[in-house]
Amino acid sequence: MSAEAARALITGLVASHGVKLRRFLLLRVRNAADVPDMLQEVYLRMLRVSNVESIRSPEAYLFTVAQHVVQQHSLRQSAAPPSIELTEMLNSARAVPDVDPVLDLDAQQCLEQLQSELDRLSPKLRATFLLHRRDGLSLDEIAERLGTSLPMVKKNLMQALVQLRQRLERG
């Protein structure tokens, strides 16, 4: 089989199974923003196969390659350092001398309460809130990163703010 025939086979697989493959990857990763890169990696690996005619079931092979990409992605993600919790930020601030112990205790309690309420939010509300308030991303950037629409990001951010305010006011 020529290189053009191999590319044609891969292009046909992409056209016929692209949506199914995207769904497959979305169900297996935490961050939807990683899916386009993973799709590209799957297609690149498929294009690197030297003996395409030996593949008995191209669809099964495509999803096997995708599963390997997911596994490698998961390994890389587990090796990445975890995100910093709010209490850890306060602990680093404690290293500064001449801190009023009363203010320090009050700040610690506020942060612990905020962290507790953040943990109670749904994952999508928490992610939207943290990306906006902690990481400083715009609503458009958040929509792109989470693979959702701008109105949905606005809705999730408002829900997060309302829930946090209500819970924190109740004390």
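**Close-up 1. Contacts of Leu62 in the predicted model**. Setting aside neighbours within four places in sequence, Leu62 contacts His17, Leu21, Val42, Tyr43 and Met46. Leu62 also belongs to the largest nonpolar core, which has 18 residues. Together with Leu21, Leu25, Val42 and Met46, Leu62 is among the residues that touch the most other members of this core. Two or more core residues come from each of the elements α1 (3-26), α2 (35-48) and α3 (58-79).

**Close-up 2. A second nonpolar core**. Apart from the largest core lies another one, made of 8 residues. Its members include Leu121, Leu125, Ala160 and Leu164.

**Close-up 3. Surroundings of His17 in helix α1**. His17 has a relative accessibility of 14% and therefore counts as buried, the cut-off being under 20%. When residues up to four places away in sequence are not counted, His17 touches Glu59, Leu62 and Phe63. The contact between His17 and Leu62 is the one that also appears in the list for Leu62.

**Close-up 4. Crossing of helices α7 and α8**. Helix α7 spans residues 139-146 and helix α8 spans residues 150-170. Their axes come within 9 Å and cross at roughly 105°. This angle makes α7 roughly perpendicular to α8, because angles of 65 to 115 degrees are classed that way. On the α7 side, the contact is made by Leu139, Asp140, Ile142 and Ala143. On the α8 side, Leu150, Val153, Lys154 and Leu157 take part. By class, the contact has 6 nonpolar residues, 2 charged residues and no polar ones.

Terms used:
Residues numbered from 1 in each chain as written. Predicted model: local features only at pLDDT ≥ 70, side-chain atom pairs only at ≥ 80, totals over all residues. Heavy atoms only, no water. Axes fitted to C-alpha atoms, helices over the stretch in contact; angles between N-to-C directions. Helix = DSSP H or I, 4+ residues; strand = E, 2+ residues; numbered from the N terminus. Parallel < 35°, antiparallel > 145°, perpendicular 65-115°, else oblique. Contact = heavy atoms within 4.5 Å. Nonpolar A, V, L, I, M, F, W, Y, C, P; charged D, E, K, R; others polar. Core = buried A, V, L, I, M, F, W, Y, C linked by side-chain atoms within 4.5 Å. Buried < 20%, exposed > 50% of the residue type's maximum accessible area, 1.4 Å probe, protein only.
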